[in-house]
Amino acid sequence: MARVFITGSADGLGQLSAASLADQGHQVVLHARNAERGRYAQQHVPGAEHVIVGDLSDIDATKNVADQANALGRFDAVIHNAGVYQAPPKDIFRVNILAPYLLTCLMHKPRRWIYLSSDMHLQGHANLETFKTDMRRISYSDSKLYVMMLCMAVARKWSDVYANAVDPGWVPTKMGGPGAPDDLQQGYETQTWLAVSNETRAQVSGRYFHHRTERRSNPQASDVMLQERLLSLCNDITGIPFPQ
Ligand SMILES: NC(=O)c1ccc[n+]([C@@H]2O[C@H](COP(=O)([O-])OP(=O)(O)OC[C@H]3O[C@@H](n4cnc5c(N)ncnc54)[C@H](OP(=O)(O)O)[C@@H]3O)[C@@H](O)[C@H]2O)c1
């Protein structure tokens, strides 16, 4: 059985992933923005081992989330699930990009990293020149391209881990809205499969999946120069370098 940490697991796909893994007998650690949301998360996934609390739109609080996770020991898999869509660009930037960057840098390295992206990353642009100076220009699509780029950099640099990205489809969560057309169950099954499956198809790295099927990602995500620039800018902003 595996031990899995899932960010943003108070609601939506994070909560559903957590409940599914706990039902399968895996050890799950939840994460919520504050204590109240943490209690809500625990009520909905009573089989979870623990809840870590911290607001991912705050850089110091995110560093503290990594400390809390490390205090619990090593995980087999981490699902970077937390995300915001209709939010101020500052929050999109911090929650969707800087938080997965910081947790990747600071957490004891698990065997498997899963990054929630979106098919909207295909419309994203790597505007790295304005990345630091004008974050108002960062759109949700850009943020999902950057997190894909981070995932591909992790896969390239760390040959001892599996790092993969997922497009869950447009599904009816708080983010997706009630009219979302895709299947909710299929929206979380790929992340949980990548986190725990022994199938050879799940033990790969640097891939982008939709409904357990590999898809082609935006070519900018695989551009090594862009990846290195992204990591360097994230280092400048957070003070945390990407571990070599
Ligand atoms: N739904 C879709 O159609 C869709 C499509 C493509 C990609 N995705 C991606 O899938 C992932 C999960 O989305 P979802 O649909 O499940 O969204 P959701 O229902 O809005 O859930 C997002 C989760 O992230 C948490 N979160 C947001 N900001 C946070 C912060 N500052 N600190 C800590 N936690 C925070 C939320 O906490 P609260 O509950 O307290 O707000 C919630 O638990 C996201 O990365 C999203 O971009 C979703």
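Start with the rings: a search of the whole structure, which is a predicted model, turns up 5 aromatic pairs. For one of them, select Trp158 and Phe242. Their rings are stacked, with 4.9 Å from centre to centre and 25 degrees between the planes. That angle earns the label because planes under 30 degrees apart count as stacked.

Now colour by secondary structure and look at what this pair ties together. Trp158 sits in the loop between H5 and strand S6 (162-166), while Phe242 belongs to the segment after helix H7 (224-238). The two residues are 84 residues apart, so to speak a link between distant parts of the chain.

Next stop, the ligand. Select the shell of 30 residues around it; Leu13, Arg37, Tyr140, Thr173 and Lys174 come nearest. Colour that shell by residue type and you get 12 nonpolar, 12 polar and 6 charged. Switch on the cartoon for helix H1 (12-23) and helix H5 (140-157): each one supplies at least two residues of the shell.

Which polar side-chain atom lies 2.7 Å from an oxygen atom of the ligand? Click on Tyr140, since that is the residue it belongs to. Then try the backbone. At Leu13, a backbone N or O atom lies 2.8 Å from a ligand oxygen, and at Ser57 a backbone N or O atom lies 3.5 Å from a ligand nitrogen. Put a surface on the ligand here: on its own it has 900 Å² of accessible area, and the protein covers 94% of that.

Last, hide the ligand and show the pockets. The space it takes is the largest pocket.

Terms used:
Residues numbered from 1 in each chain as written. Predicted model: local features only at pLDDT ≥ 70, side-chain atom pairs only at ≥ 80, totals over all residues. Heavy atoms only, no water. Near = heavy atom within 4 Å. Polar contact = N/O pair within 3.5 Å; in protein donor to acceptor, adjacent residues only side chain to side chain. Areas by Shrake-Rupley, 256 points an atom, 1.4 Å probe, with all protein chains shown as cover. 1 Å grid on protein atoms, 1.4 Å probe; cavity = no way out; pocket = protein on both sides within 12 Å on 5 of 7 lines; lining within 4 Å. Sits in = over half its atoms within 2 Å of the grid points. Helix = DSSP H or I, 4+ residues; strand = E, 2+ residues; numbered from the N terminus. Nonpolar A, V, L, I, M, F, W, Y, C, P; charged D, E, K, R; others polar. Phe/Tyr/Trp six-rings, centres within 6.5 Å; stacked < 30°, edge-to-face > 60°.
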